[in-house]
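Reader: Could you walk me through this structure, please? I am new to reading models of this kind.

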Amino acid sequence: MGQTIINIEQLRQQSEGYPCLPNKWERENLIRLIDDVAPLIGLPARAAATFRAMISRTKPSAFKDPNDEPICYVHQTEIAHSLRVSTKTVRNHEHVLEKLGLIERRTMANGARTGFQGCGIYFTSAIRLIPHLLARLQAAEADRREHAKLRGLRSTHYKHTKGALIELCQRFGQTADIVNLSKAFDAWPHSSALHRMTLDELYDHVDTAAALCKDVLDLLTKYEESSARPEQIGTLYIQDSNQDSHMSCNASEITRTEDKSSDANYEGATPNGSAPCLEKKDEEDLADYKNEFMAKITPQRFLNFCSDEMKALVHMAQRGSTRLSDHDFEEAAYERLYQIGISKSVWDEACKAMGSAAATTCVIITDANMNRPINPVRCPGAYMRTLIRQHSEGKLNIIGSLIALSERARH
């Protein structure tokens, strides 16, 4: 909801008088809460409109006074006239609202309402429901975030699976293994269908996608290590699930992404920093050093740049495989950014600006620098935005940052 932070426990402990709205809340805050939570509790839009019409005709101060109760004395006919619906419709809406616990009807036998006898629509029950409604809203928001996260993870699996299949087709032709894996890939639902999946359905699909991606990457490694060329069996087309079209195997080859940013200056602990150990090197010595450094970065050594938390996520992404791949690091980085507070919009911006491989490395650098002894990163999201900005200005030096991590680990 986002209007005001409240102490729900304090609200629950109110024992004297009538329940009141949380501190700094007004009647309108409760109305907005009901509007926000309506789809989650099965409150129809038209019934919610009736609720707003009735609660708006109550005394605002009664929601904050423990000696008073918020009551609507206005008759059904007046409410119906204001909403341009029938009295019967308002009556039906009241039944729905009462069943959900949002109102309590205390009317005379003929349905009449009067302030003289305290007969009307009471909203005390709605105030008591605030902790429960907030919890429902927070749970729904958590599910929404998890759903978006899983869709992004499926996108990562999709990209690596498709790229590896294209490379397999181009380099090794149409083998039975490649055809079978491609058919399984073609069976993946279109990206637009993911939005209609329940959270459990999406979990299952992402697990399936991750397993297929791992199989495809393992097959690529197996063929690369084999001296014999596999037997071709025919022509294969790989479906582009995001485009609802097919892509032939002679599409552009997908290869390991390299950082294209400027690395003219060695970077130390911060993106623009300088390392004392290299200050006196001339440009040629520095270029040689960096080329030698990059030549030695195997996947296993790249793992050493990661924090302990990131390493654990990388191992989880391996799913029992003995081989490390770019996909393992990207999946781990995508999971880690949610844990350290980097928004998905920042991740998307980084991938768009510099590619997913460089964005993955930037997340690893950001995460590792949260634990550095001097000037640790306090706001990972802001730090990532700094790296993105430096990339756009041609000042980002990823290699220098990796060297700094390597030097820090060595010492």
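Author: Certainly. This is a predicted model. In its largest nonpolar core, which has 42 residues, Phe329, Met384 and Leu402 touch the most other members.

Reader: Which helix gives the most to this core?

Author: That is helix 16, residues 356-369, which contributes seven residues.

Reader: And what does the second core include?

Author: The second core is separate and has 33 residues, among them Leu43, Phe51, Ile55 and Val74.

Reader: Let us turn to the strands. In what order do the three strands form the sheet?

Author: The order is 1-3-2, in an open sheet with antiparallel pairing. Strand 1 (71-72) and strand 2 (104-106) are the edge strands, each pairing on one side only.

Reader: How many bridges are there between strand 1 and strand 3?

Author: Two bridges join strand 1 to strand 3, residues 120-122, in the antiparallel sense. Isoleucine 71 stands opposite tyrosine 122 of strand 3.

Reader: A new topic: where does serine 321 lie?

Author: Serine 321 is in the loop that runs between helix 13 (308-318) and helix 14 (326-340).

Reader: Is serine 321 buried or exposed?

Author: Serine 321 has a relative accessible area of 15%. Buried means under 20%, so serine 321 counts as buried.

Reader: What does its side chain reach?

Author: The side chain of serine 321 reaches the backbone nitrogen of arginine 323, at 3.1 Å.

Reader: Leaving aside neighbours within four places in sequence, which residues is serine 321 in contact with?

Author: With those neighbours left aside, serine 321 is in contact with Lys214 and Asp218.

Terms used
Residues are numbered from 1 along each chain as its sequence is written. This is a predicted model: local features need pLDDT of at least 70, side-chain atom pairs count only at pLDDT 80 or more; totals for chains, interfaces and linings use all residues. Side-chain values use heavy atoms; hydrogens and water are left out. Helices (H or I, at least four residues) and strands (E, at least two) are DSSP runs, numbered from the N terminus. Buried means under 20% relative accessible area, exposed over 50%, partly exposed in between (1.4 Å probe, protein chains only). A polar contact is a pair of N or O atoms within 3.5 Å; within protein, one must be able to donate a hydrogen and the other to accept it, and residues adjacent in sequence count only if both atoms are side-chain atoms. Contact means heavy atoms within 4.5 Å. A nonpolar core is a set of buried Ala, Val, Leu, Ile, Met, Phe, Trp, Tyr and Cys residues joined through side-chain atoms within 4.5 Å. Two strands pair if DSSP finds at least two bridges between them.
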